[in-house]
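Please have the sequence and the model at hand while reading. The text below goes through a few local features in turn.

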Amino acid sequence: MELVIQKPFDAHLHLRQGDSLSGFAQRAAAFFESALVMPNTKPPILTAADLGRYRTLIREAAPALNALMTFQLHTQADIPALKRAGAVAAKYFPVGLTNSTGTEASTLSAYDSVLRQMEENGIVLSIHCEAPLYSGGEAKHRVLDEALEASVRFPKLKIVLEHLSLEREVEAVKSAGENVAATLTAHHLMFDAVDFIGSRLNPHLFCKPILQSAYHREALRQAALSGNPRFFFGSDSAPHPPESKTGSAVSPGIYSMPVTIPLLACFFDESSQTDKLESFVSVFGRRFYGLLETTEKIIIEKKSWEVPEIIDGAVPLCAGTVLSWTVRDGGKNE
Ligand code: NCD
Ligand code: ZN
């Protein structure tokens, strides 16, 4: 069995910097025609000049990849200059939630004058969506509340809540305005807290936001299968060197890129809804971001393969396990 679909748009991808960038960018080009590239490099992308330099490096490494550029939201952001340089989205990392810095204010409303200019210039606001840890989603979800408030204050500002992990986030997106959408990752759809910290802790399943219970995973699955165009694919592939994934200070982030499309094919296949895969990975995200469709295709085959232990110098998601779907010509595998 094989599926031939429009080549995907990854609406949330970390390509890193330095020596590792070219390998990640080349592999991305094998799976995705376009990708929204996250700005939390070291140092982060803040200005039009940073953004232009980073895009040049990505283009040199992988000319075939349509890299959509982002910057980290900050109060001094020169929106007209960033727009001219090709910025598509600003990323808001709430203080204290993840391994990324660069944002200085502790509430989203502190950025209102920047958000207003983004609304006027058609720049999307991408929000790291995460509830306080171990609250099970019961405590106040400040980031979610702030995002919804901003979506009302700025009705023409497009807002994407990234990597949903909780049922209440799914419900919030469903009842929010048309300017609010969300990304879902393959790992949040396929794994839960038992896989992550059940009998043994698996550091390669440690990401932000953390994997929640099967109950929440089911809500994400229903959103992905719903056909609602405001839920679409963003891999949040976030590789770290192996030494950062072991020991007493493990970094959050999963190198999902090599397996993300095969895993989604497994998921839609197991749900007997492979006809919905293309919309989820290739159509809905492009539509929300106002991107043109592509005539490029990928072929996803139902064919077993064993995921290598290391790919591009990082331990990939599902390393050493056998997956039942693969992407034909999906990049070198070691
Ligand atoms: C991301 C990373 O490593 O860049 N990690 C993660 O677990 N998702 C940071 C982030 O996107 O929050
Ligand atoms: Zn991310």
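**The zinc site and its surroundings**

The zinc ion (ligand 2) has three protein donors, H12 (NE2), H14 (NE2) and D236 (OD), which lie 2.1 Å from the ion. The model is a predicted one, and the distances and angles given here are computed from it.

Around the zinc ion (ligand 2) there are four donor atoms, and they subtend angles of 89 to 145 degrees. Four donors count as tetrahedral if all angles lie between 85 and 135 degrees. The upper end of the range around this zinc ion is 145 degrees, and the arrangement is therefore irregular.

Along the chain, the donors of the zinc ion (ligand 2) follow the spacing H-x1-H-x221-D. The pair H12 and D236 links distant parts of the chain, 224 residues apart. H12 belongs to strand β2 (residues 9-13), while D236 sits in the loop between β9 (231-233) and α10 (257-270). Both H12 and D236 are buried.

After strand β2, the next residue to look at is R16, in the loop between β2 and α1. R16 is not a glycine, yet its phi is positive, near 60 degrees. The relative accessible area of R16 is 14%, and the residue is therefore buried, the cut-off being under 20%.

The loop between β2 and α1 leads to a helix pair. Helix α1 (residues 21-31) and helix α2 (residues 48-61) have axes that come within 8 Å and cross at roughly 65 degrees. That angle makes α1 roughly perpendicular to α2. The crossing of α1 past α2 is right-handed. Which residues meet where the two helices pass? On the α1 side they are L21, S22, A25 and Q26, and on the α2 side Y54, L57, I58 and A61.

The loop between β3 (34-37) and α2 holds N40 and also P43. With a relative accessibility of 15%, N40 counts as buried. The C-alpha atom of N40 is separated by 9.5 Å from that of L15, a residue 25 places away along the chain. In the peptide bond from K42 to P43, omega is near -5 degrees, and the bond is cis.

Another cis peptide bond runs from K208 to P209, with omega near -10 degrees. P209 is placed in the loop between α8 (193-197) and α9 (214-225).

Like R16, H163 is not a glycine but has a positive phi. The phi of H163 is about 40 degrees. H163 is found in the loop between β7 (159-162) and α6 (167-175). Is H163 buried or exposed? Its relative accessibility is 1%, so H163 counts as buried.

The last stop is F284, in helix α11 (residues 277-289). F284 has 10% relative accessibility and therefore counts as buried. Where does the chain come back to this residue? The C-alpha atoms of F284 and P229 are separated by 5.0 Å, although the two residues are 55 residues apart along the chain. Neighbours within four places in sequence aside, F284 is in contact with G227, N228, P229, F231, F232 and S279. Of these contacts, F231 and F232 fall within strand β9 (231-233), the strand that precedes the loop holding the zinc donor D236.

Note on methods. Residues numbered from 1 in each chain as written. Chains lettered and ligands numbered in written order. Predicted model: local features only at pLDDT ≥ 70, side-chain atom pairs only at ≥ 80, totals over all residues. Heavy atoms only, no water. Donors = N, O, S within 2.8 Å, 3.2 Å for Na, K, Ca; no water. Tetrahedral: all angles 85-135°; square planar, octahedral: opposite > 155°, others 65-115°. Helix = DSSP H or I, 4+ residues; strand = E, 2+ residues; numbered from the N terminus. Buried < 20%, exposed > 50% of the residue type's maximum accessible area, 1.4 Å probe, protein only. Axes fitted to C-alpha atoms, helices over the stretch in contact; angles between N-to-C directions. Parallel < 35°, antiparallel > 145°, perpendicular 65-115°, else oblique. Left-handed = near helix turned anticlockwise from the far one by under 90°. Contact = heavy atoms within 4.5 Å.
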